[in-house]
Amino acid sequence: MNDGSNTVLVTGASRGIGRGAALELGRAGFDLILWARSVDDLNEVASTCREFGRHVEIAAVDVSNYDSIMTAGAASLSSLKSLRGLVLNAGIGIWNSLDAVSVDEWQKIMSTNVDGAFYTLKMAVPLLTNHSFAQIVAVVSDSAAYSYANRPAYCASKWGMRGLVEAVRRDVRPRGVRVTQLLPSRVDTHFRGKTPGARRDSLSATDVGSLITMIFNLPKRIEVRELPVSAITSSYGPFEELYVENATEAFQ
Ligand SMILES: NC(=O)c1ccc[n+]([C@@H]2O[C@H](COP(=O)([O-])OP(=O)(O)OC[C@H]3O[C@@H](n4cnc5c(N)ncnc54)[C@H](OP(=O)(O)O)[C@@H]3O)[C@@H](O)[C@H]2O)c1
C-alpha cells in the first residue's frame, strides 16, 4: 500500500523538464504520481521509472481545468495520507508582443501557468503538510525575475506564479514544508514548439531533473528559497554576462 510517504507528484511529466524530473527522482528512489494531458507519453515515462523499481501512477490531468484537478487529480491522490513532494512544473509559453497577443492566448497562458499552479497547490498542500519532511519545487522561469520585451503574457504569468508560490512558502514553512523556486534560463525541451537538441547551449531536461532531485535530497535543515540557473555555455538571459536584449528568434 502506497501511503505517499515516499511519493512525489510531478505535474507536466509527459515531456521536457517534468519528464526529466520524474526520471531523475525515480532513479533516486522516489515513488511518483505523474500528471499531464498526454497519456501515451506519461505511460512511457512511468514504465521507465518502474524499471527503477518505483511505484508509479499516472493521471490525465489538465491543470488549467479545476474540474480535471478535482476529478482525475483528486482520484490519483485519494489513497495517500501524505506527500513527500511536489514538482510544480506544468506550463506553456507563447511569446508575442502586446499588440499581437490575443485574448485567447492571454487566457490560455494565465489559466495554465497561474490558475494551474493555484489549483495544484490547493490540492497538494494538505497532503504535503501531513508529511514530516516535504519539499515543493516550483519550476518558474527567469521571466519571473526579468520582464523580457515581446512576452508580456508569459512574463505576467510567471511573475504571478512566483508571487503565489512565495506567499505559499510563508504559509507552509512553519509546518516544515520547504519551498524552492527554480528560475531557469533556456532549457532544451519541447517548450514553445521547439525540438529537443535544437538548443544545445542550454540546460537539458536531465540537468534540471538532477538539480530538482538534489534539492529533494538536501539535509532537512537547508531551505533553498530561489535558484536562478542556466547553462554555463548559454549567452542568453538575465543571468548571463553576455545578455542580448534584442536577440533574434533564431538566436533564442
Ligand atoms: N524550456 C525552457 O526554456 C524553460 C525555461 C524556464 C522555465 N520553463 C518552464 O518549465 C516548465 C516546463 O516546460 P518545458 O520546457 O519542459 O516544456 P515542454 O517540453 O513543452 O513540457 C511542458 C509540460 O507541461 C505539460 N502541460 C502543459 N499544459 C498543461 C496542462 N494544461 N495541464 C497539464 N499539463 C500541461 C505538458 O504536458 P501535456 O501537453 O501532455 O499536458 C508537458 O509535460 C514550464 O512551466 C515552463 O514555463 C521552461
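## Sheet, helices and cores of a predicted model

Strand E1, helix H1 (residues 16-27) and strand E2 form a right-handed β-α-β unit. The model is predicted. A further right-handed β-α-β unit is made by E2, helix H2 (residues 39-51) and strand E3.

### The sheet

The strands belong to an open sheet of 7 strands, with parallel pairing and the order E3-E2-E1-E4-E5-E6-E9. E3 and strand E9 (226-229) are the edge strands, each pairing on one side only. On average, and with direction ignored, neighbouring strands of this sheet are turned by 15 degrees against each other. In general, strands of a sheet pair through backbone hydrogen bonds, either parallel or antiparallel.

The table gives the bridges for three strand pairs of this model.

| Strand pair | Bridges | Direction |
|---|---|---|
| E1 (residues 7-11) and E2 | 5 bridges | parallel |
| E2 and E3 (residues 56-60) | 5 bridges | parallel |
| E6 and E9 | 4 bridges | parallel |

Individual residues show how these pairs are aligned. Thr7 has Asp31 in E2 as its bridge partner, and Leu32 stands opposite Val56 in E3. At the E9 edge, Gln181 has Glu226 in E9 as its bridge partner.

How many of the residues of E2 are buried? The count is 6 of its 6 residues, and the strand is mostly covered. In a regular strand the side chains alternate between the two faces of the sheet. Asp31, Ile33 and Trp35 lie on one side of E2, with Leu32, Leu34 and Ala36 on the other. Residues on both sides are all buried, and both faces of E2 are thus covered.

### Helices on the sheet

Helix H4 lies across E1, E2, E4 and E5, and runs at about 170 degrees to E4. Helix H6 (residues 205-216) also packs on the sheet, where it touches E1, E4, E5, E6 and E9. The direction of H6 makes about 160 degrees with that of E6.

Helix H5 has 21 residues. From its first C-alpha to its last it reaches 30 Å, close to the 30 Å expected at 1.5 Å a residue. The buried residues of H5 are Ala153, Tyr154, Cys155, Ser157, Lys158, Met161, Leu164, Val165, Val168, Arg169 and Val172. These buried residues pack against E4, H4, E5 and E6.

### Helix H1 and Glu24

The 12 residues of H1 should span 16 Å at 1.5 Å a residue, and the end C-alpha atoms are 17 Å apart, which agrees. Because 10 of the 12 residues of H1 are buried, the helix is largely enclosed by the rest of the structure. Those buried residues are Gly16, Ile17, Gly18, Gly20, Ala21, Ala22, Leu23, Glu24, Leu25 and Gly26. After H1 comes Gly29, whose phi is positive, near 105 degrees.

Is Glu24, which is placed in helix H1, buried or exposed? Its relative accessibility is 14%, so Glu24 counts as buried, the cut-off for buried being under 20%. With neighbours within four places in sequence left aside, Glu24 is in contact with Thr206, Gly209, Ser210 and Thr213. Glu24 and Cys49 are 25 residues apart along the chain, and their C-alpha atoms are separated by 8.8 Å.

### Nonpolar cores

In soluble globular proteins, nonpolar side chains tend to be buried together. The largest nonpolar core of this model has 33 residues. Within it, the residues with the most contacts are Trp35, Leu86, Leu88, Leu121, Leu128 and Ile136. Two or more residues each are given to this core by strand E2 (31-36), helix H3 (66-77), strand E4 (85-88), helix H4 (103-129), strand E5 (135-139), helix H5 (152-172) and strand E6 (178-184). H4 supplies the largest share of this core, 8 residues.

Apart from the largest core lies another core, of 30 residues, including Ala22, Val87, Leu203 and Phe216.

Which residues is Leu128 in contact with, leaving aside its neighbours within four places in sequence? They are Leu83, Arg84, Gly85, Leu86, Ala134, Gln135, Ile136 and Val177.

Methods. Residues are numbered from 1 along each chain as its sequence is written. This is a predicted model: local features need pLDDT of at least 70, side-chain atom pairs count only at pLDDT 80 or more; totals for chains, interfaces and linings use all residues. Side-chain values use heavy atoms; hydrogens and water are left out. A nonpolar core is a set of buried Ala, Val, Leu, Ile, Met, Phe, Trp, Tyr and Cys residues joined through side-chain atoms within 4.5 Å. Buried means under 20% relative accessible area, exposed over 50%, partly exposed in between (1.4 Å probe, protein chains only). Contact means heavy atoms within 4.5 Å. Two strands pair if DSSP finds at least two bridges between them. A crossover is right-handed if, with the strands pointing away from the viewer, the path from the first strand over the helix to the second runs clockwise. Axes are lines fitted to C-alpha atoms, for helices over the stretch in contact, and angles run from 0 to 180 degrees between N-to-C directions. The expected span of a helix is 1.5 Å times one less than its number of residues.
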